[in-house]
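Visitor: I would like a close look at one part of this protein, with the terms explained along the way.

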Amino acid sequence: MKHRYYIALCTLFLFFVYGLVSAEITPQTLIIVDSNGDGGDTTPGNGVCKTAANTCTLRAAIQEANATATIDQIAFNSNMTIVLTAGALPLISADDLAITALGGVNINGNDQANIFTIGGGRNTIAGLNLYNTATNTGALIHVNATAQDSQIFGNRLGTATDGATCSSCNGGYIGVSIGGAGAVRTYIYNNLIRCHAFAGINLQSNSAFIGLTPASAAAGNVIQDNQDAISANTISSVTIRQR
Ligand SMILES: [Ca+2]
């Protein structure tokens, strides 16, 4: 009898502990990329970044973040070099997503037209090294017409970690392009932007401003404080296309 009482007590205790643990489970908000591979997520939207190789790649992380509203940050577990062998990274359609590194993550565009395309609101790309996209089209980061309040800062755009020379580290056609009249308020600051065949920053918006905030910010883009942002580009530093 005493033994039964003990088992019942233990069972109650286990249910109590389970209740405490399960009550603390919250939706995932951070994805950690742990692989420099380029495979996609096997099941976007299930809250877990996982490729067929049981890894989490940047491509899979973006797919998962696009499909899961609670995810707001993608980070990396170590320095790494990612080569895009499966095409440009997926359009960032999520809102409030920050993709951040601390200067040791390289993304080799492998001659794709773009590495990143931002299409959501309040997205951030920071601390990355991007290079080696096509020399006759596209941009390392393209901010498309549906993007709003994008933040692009602390990146090396056109060189790898070691700041390789332009001849050995191709910046591609454009560093950052802001396309279409719809892109609203793009903040580009404290980036090193160099070695692009066309332009460091290319503004295609009908309402674009450099270094100041327009009185009406509804359709304006702000570009400021770039370190050596535009000096090394061979054709044009900044192009502003009027309406
Ligand atoms: Ca998944």
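What % of the 243 residues in the protein chain do buried residues make up? Please then look closely at helix α2 (residues 58-67).

Guide: Buried residues make up 42% of the 243 residues in the protein chain; buried means that 20 or more other C-beta atoms, placed from the backbone, lie within 10 Å of a residue's own. This is a predicted model, in which local features need pLDDT (the predictor's confidence in each residue, from 0 to 100) of at least 70 and side-chain atom pairs count only at 80 or more, while totals for chains, interfaces and linings use all residues. Residues are numbered from 1 along each chain as its sequence is written.

The chain has two helices and 15 strands, taken as DSSP runs (H or I, at least four residues; E, at least two) and numbered from the N terminus. Of the 10 residues in α2, nine are buried: Leu 58, Arg 59, Ala 60, Ala 61, Ile 62, Gln 63, Glu 64, Ala 65 and Asn 66. They pack against the strands β1 (30-33), β2 (73-76) and β3 (80-83).

The largest nonpolar core (buried Ala, Val, Leu, Ile, Met, Phe, Trp, Tyr and Cys residues joined through C-beta atoms within 7 Å) has 51 residues, and Ala 61 and Ala 65 are among those with the most contacts inside it. Helix α2 supplies five residues, the largest share of this core. Leaving out residues up to four places away in sequence, Ala 61 touches Ile 31, Val 33, Cys 49, Cys 56 and Ile 74; a contact means C-beta atoms, placed from the backbone, within 7 Å.

Ile 74 belongs to β2, where side chains alternate: Ile 74 and Phe 76 point to one face and are buried, whereas Gln 73 and Ala 75 point to the other and are not. β2 runs parallel to β1, joined by four bridges (strands pair if DSSP finds at least two bridges between them). One of the partners is Ala 75, bridged to Ile 32. Two bridges also join β2 to strand β4 (residues 98-108), again parallel, and Ile 74 stands opposite Ile 99 there. Together β1, α2 and β2 make a right-handed β-α-β unit: with the strands pointing away from the viewer, the path from the first strand over the helix to the second runs clockwise.

A word on confidence. The mean pLDDT of the chain is 78, and 68% of its residues reach 70 or more. Over residues 206-243 the pLDDT is below 50, although the model gives this stretch 80 contacts beyond near neighbours in sequence. Where pLDDT is low, the predicted coordinates should not be read in detail.

Key:
A residue is buried if 20 or more other C-beta atoms lie within 10 Å of its own, exposed if 12 or fewer, and partly exposed in between; C-beta atoms are placed from the backbone. Two residues are in contact if their C-beta atoms, placed from the backbone, lie within 7 Å.
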